[in-house]
Amino acid sequence: MTAEKVVEVSRGALVESLHRGHVAVVNAKNELLYSVGNPHEVIYARSSMKPLQAIPIVETGAADHYGFDNADLSLACASHNGEDQHTTRVQAILDRTGLSVADLQCGTHNPKLEAAYEALIKSGEPLTAIYNNCSGKHSGMLATARHMKESTADYYKLDHPVQQRILEVISDLTEVPVDDIAIGVDGCGVPVHAVPLENLALSFAKMADPSGLPEKRRDAVRKITTAMAAEPEMVGGTERFCTDFMHAMNGRMFAKAGAEGVYCIGDSETGIGIALKIEDGNARATSAVALEVLSQLGLLTDEQREQLHDYHRPPLENARKEKIGELSPAFTLKEYTVASS
C-alpha cells in the first residue's frame, strides 16, 4: 500500500500542490479501525514519542522525589517554544535536581517562537540548551538518572539505563519487540524509535485507555496524560497546534506532534489512538489531517470545529498576510470490519 493524497494546497482557483500520507486509527485491543494509505508503514515517531519517554520519570519515583507537578510533567513531553514559561520551569527542575544547564545534552537552537527569540536578543543573554525545544524532555531524563544514582554525563546514549527504560516502555505500549524497533538519533541527540504507524497509534490508544496495563504503568500513564491535558501550554506554547488543540478538547484528548510530519492523538472517551505521517515530512499538513480524521469520526463539536478552523483548513498567506489560498483535507477514512462490530 502506498501513501494517499491527504491534503490539497490551493492558490486562487487552482490546486498548486499535494501532500500524501498515511493514517492509522487503533483501539487499545490493537484492532485497526480506520486507515488511509499504509497503516503498516514503519516510521520514526520523532517527538510524538515524548509522552511515552516521560513515563519512567514517574515509574522510577523521580517525579515524586523532585516534586514534579502537572506543568513539569507536561513540559517533559514538550517540543516547546522557548518562551519564559518554558525556560524558567526547565531551570527550576534542574535546580531541584542539583544540576545545571551545562548538563543538558540536547544542543542549542533558536527559540521556536519568533517573539521569544527577539526577547532573548534584546536581553543580551547567551543562547543555551535551555531554549532547545526538547530541554523539558532532557531535564526529565536527567532527573531520572539523578534519582536512580546513574551517570548524568551520558544519559542520552542508547546503552544508558535511562534510554533502556524508555525502550522497554515503548516496546510494551507499541507491542513491538525491542529487537524489532529500529533506532536512529533524534535532532536533540537521544535515540529515536521507528515502529509501524498502527503500533504508534496503539501506544496512544493504550495511554488513552490504560485499563489493561499493570497498575504501576497505568498510574504513570494517567499522570502523564492528565498533566498534558491540564497544562497544554507547556507542550507547545503560543500559537501552537498541540496547545490550542488540547485547550479546545477540554481535557478529553492529549496530542503530540513529531518532526517530519508526524502527529498522534489519544482520546480518553473512546479509547482510540490516532497516528499520522505526512510522506514529504511537511508539518504544515498535519493539523488539517488530524482534525479531518476527528471530524470524519464525529468526535468534534461545532464549537470545537469553529475554534480550530484555521488549523483544519490552514490559510495560505502572502507576505502581506493576505489569504490567497488554503490547505484542504482531501481523503476519506477506510473503515475496517471491527469498527462496526
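Select strand 4 together with strand 6 (residues 191-196) in this predicted model, and you will find the two running antiparallel and joined by 3 bridges. To see one of these pairings at residue level, label V42, whose bridge partner in strand 6 is P196. Now add strand 5 to the selection, and the open sheet of 3 strands appears, with the order 4-6-5 and antiparallel pairing. Strand 4 (42-44) and strand 5 (182-185) stand at its edges, and because each has a single partner strand, one side of each is left without a neighbour in the sheet. Looking from one strand to the next, you should see a twist that averages 30 degrees.

Keep the sheet on display and bring in helix 8 (residues 161-174), which packs on the sheet by touching strand 5 and strand 6, its direction making about 15 degrees with that of strand 6. Then show helix 9, which lies across strand 4 and strand 6 and runs at about 105 degrees to strand 6.

Within helix 8, pick Q163. Is this residue buried or exposed? With a relative accessibility of 1%, Q163 falls under the 20% cut-off and therefore counts as buried. If you expand the selection around Q163 and disregard residues up to four places away in sequence, the residues that it touches are M141, Y155, Y156, K157, L158, V190 and P191.

Next, move to strand 8 (residues 262-267), where 6 of the 6 residues are buried. Before colouring by side-chain direction, recall that in a regular strand the side chains alternate between the two faces of the sheet. Here V262, C264 and G266 point one way, while Y263, I265 and D267 point the other way, and all of them are buried.

Which strands flank this one? On one hand, strand 7 (residues 253-258) runs antiparallel to strand 8 and is joined to it by 6 bridges, with A257 standing opposite Y263. The hairpin that these two strands form has 3 residues between them, and E260, in the turn, is worth labelling for its positive phi of about 60 degrees. On the other hand, strand 9 (residues 272-278) is also antiparallel to strand 8, again through 6 bridges; for two of the residue pairings, look for V262 with K277 and for Y263 with L276. The hairpin of strand 8 and strand 9 has 4 residues between the strands, and in it G271 takes a positive phi near 75 degrees.

Follow the chain into strand 9, in which 7 of the 7 residues are buried. On one side of this strand are I272, I274, L276 and I278, and on the other are G273, A275 and K277, so that a selection of either face contains buried residues. Strand 9 also pairs in the antiparallel sense with strand 2 (residues 14-27), over 7 bridges, and V25 has I274 as its bridge partner there.

Now return to helix 9 and select L200, which is among the residues with the most contacts inside the largest nonpolar core, a set of 104 residues; the others named for this are I224, F245, I265, V289 and L294. Helix 9 (residues 197-208) gives the largest share of this core, with 7 residues. Leaving aside residues up to four places away in sequence, L200 touches I43, A45, S48, M49, V195, V262, C264 and A275.

From there, go to helix 10 (residues 215-230) and place a distance label between its end C-alpha atoms, which are 22 Å apart; this agrees with the 22 Å that its 16 residues should span at 1.5 Å a residue. The buried residues of helix 10 are R217, A220, V221, I224, T225, A227, M228 and A229.

Finally, zoom out to the whole protein, which has 15 helices and 12 strands. Its C-alpha atoms fill a box of roughly 55 × 50 × 35 Å along the principal axes. The radius of gyration is 19 Å, which agrees with the value near 20 Å for a compact globule of 341 residues. Of those 341 residues, 56% count as buried, and among contacts with a separation of 6 or more, 65% come from residues 24 or more positions apart.

How values were computed. Residues are numbered from 1 along each chain as its sequence is written. This is a predicted model: local features need pLDDT of at least 70, side-chain atom pairs count only at pLDDT 80 or more; totals for chains, interfaces and linings use all residues. Side-chain values use heavy atoms; hydrogens and water are left out. Buried means under 20% relative accessible area, exposed over 50%, partly exposed in between (1.4 Å probe, protein chains only). Two strands pair if DSSP finds at least two bridges between them. A nonpolar core is a set of buried Ala, Val, Leu, Ile, Met, Phe, Trp, Tyr and Cys residues joined through side-chain atoms within 4.5 Å. Contact means heavy atoms within 4.5 Å. Axes are lines fitted to C-alpha atoms, for helices over the stretch in contact, and angles run from 0 to 180 degrees between N-to-C directions. The expected span of a helix is 1.5 Å times one less than its number of residues. The radius of gyration is taken over C-alpha atoms; the globule rule is 2.2 Å times the number of residues to the power 0.38.
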